[in-house]
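Got the viewer open? Here is a short tour, one selection at a time.

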Amino acid sequence: MNTRTVTFFKFQELRVYQKSLDFLNWVVLKTDSLPQGNACRLGEMLCSHAADIPLILAEGSPMPKAEFVVQLRHAKASVRKTMVLCEVLCKLGLWNEREYN
């Protein structure tokens with residue numbers, strides 16, 4: 001028997017949208033344990049950019065294809081920002097490479 005989740009919006013069926021929600025959930029859980037100070041601010045930036053990814057995908061999905069492609073580029077830019085922030089947290093010794101990869 002195939003149990004499929006019923007979705008209200010088409011973007012909810014996009015695999016990239018679902019993966020971005022998984023990533024956001026991981027980021028929120030990981031940054032919750034960061035110490036106060038600069039590390040905490042980096043964590044807040046990371047959460048913000050990670051949240052931008054599914055939000056941009058949801059916003060762009062009903063747009064015409066050319067505009068949606070532009071939104072995908074914006075989402076990709078947010079992915080890059082999260083990558084940089086994750087690497088900084090690793091280099092600061094706040095996360096280890098195994099957890100990050």
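Is Phe11 buried or exposed? Select Phe11 and have a look: with a relative accessibility of 12%, Phe11 counts as buried, because the cut-off for that is under 20%. Keep in mind as you go that this is a predicted model.

**Stop 1: the rings**

Keep Phe11 on screen and add Phe9. The two ring centres sit 5.5 Å apart with the planes at 15°, so this pair is stacked. Unlike Phe11, which is buried, Phe9 comes out as partly exposed, at 45% relative accessibility.

Now bring in Tyr17. Its ring and that of Phe11 have centres 4.9 Å apart and planes at 80°, so here the arrangement is edge-to-face. Tyr17 is buried, at 12% relative accessibility. Add Phe8 and you have a whole aromatic cluster: Phe8, Phe9, Phe11 and Tyr17. Across the structure, the count of aromatic pairs is five.

**Stop 2: the salt bridge**

Next, select Lys10 and Glu13. Their side chains form a salt bridge, at 3.7 Å from N to O. A search of the whole structure turns up one salt bridge. Side chains of opposite charge can pair when their charged atoms come close. Colour by accessibility and you'll see that Lys10 is exposed, at 64% relative accessible area, while Glu13 is partly exposed, at 40%.

**Stop 3: the cores**

In soluble globular proteins, nonpolar side chains tend to be buried together. To see the largest nonpolar core here, select its 11 residues: Leu24, Val27, Leu34, Leu42, Leu46, Ala50, Leu85, Cys86, Leu89, Cys90 and Trp95. Helices α1 (15-31), α2 (38-60) and α3 each give two or more residues to this core. The largest share, four residues, comes from α3.

There is another core apart from this one, with six residues, including Phe11, Ile56, Leu57 and Ala75. So your starting residue shows up again, since Phe11 is buried at 12% relative accessibility.

Zoom in on Leu85 for a closer view of the 11-residue core. Setting aside neighbours within four places in sequence, Leu85 is in contact with Leu42, Met45, Leu46 and His49.

**Stop 4: the surface patch**

Last selection: Val84, Val88, Leu92 and Leu94. Together they make a nonpolar surface patch of about 310 Å². To place the patch, start from Val84, which is in helix α3, residues 65-91.

Note on methods:
Residues numbered from 1 in each chain as written. Predicted model: local features only at pLDDT ≥ 70, side-chain atom pairs only at ≥ 80, totals over all residues. Heavy atoms only, no water. Patch = residues over 30% accessible without salt bridge, like charges linked within 9 Å, V, L, I, M, F, W, Y side chains within 5 Å. Areas by Shrake-Rupley, 256 points an atom, 1.4 Å probe, with all protein chains shown as cover. Salt bridge = Lys/Arg side-chain N within 4 Å of Asp/Glu carboxyl O. Buried < 20%, exposed > 50% of the residue type's maximum accessible area, 1.4 Å probe, protein only. Core = buried A, V, L, I, M, F, W, Y, C linked by side-chain atoms within 4.5 Å. Contact = heavy atoms within 4.5 Å. Phe/Tyr/Trp six-rings, centres within 6.5 Å; stacked < 30°, edge-to-face > 60°.
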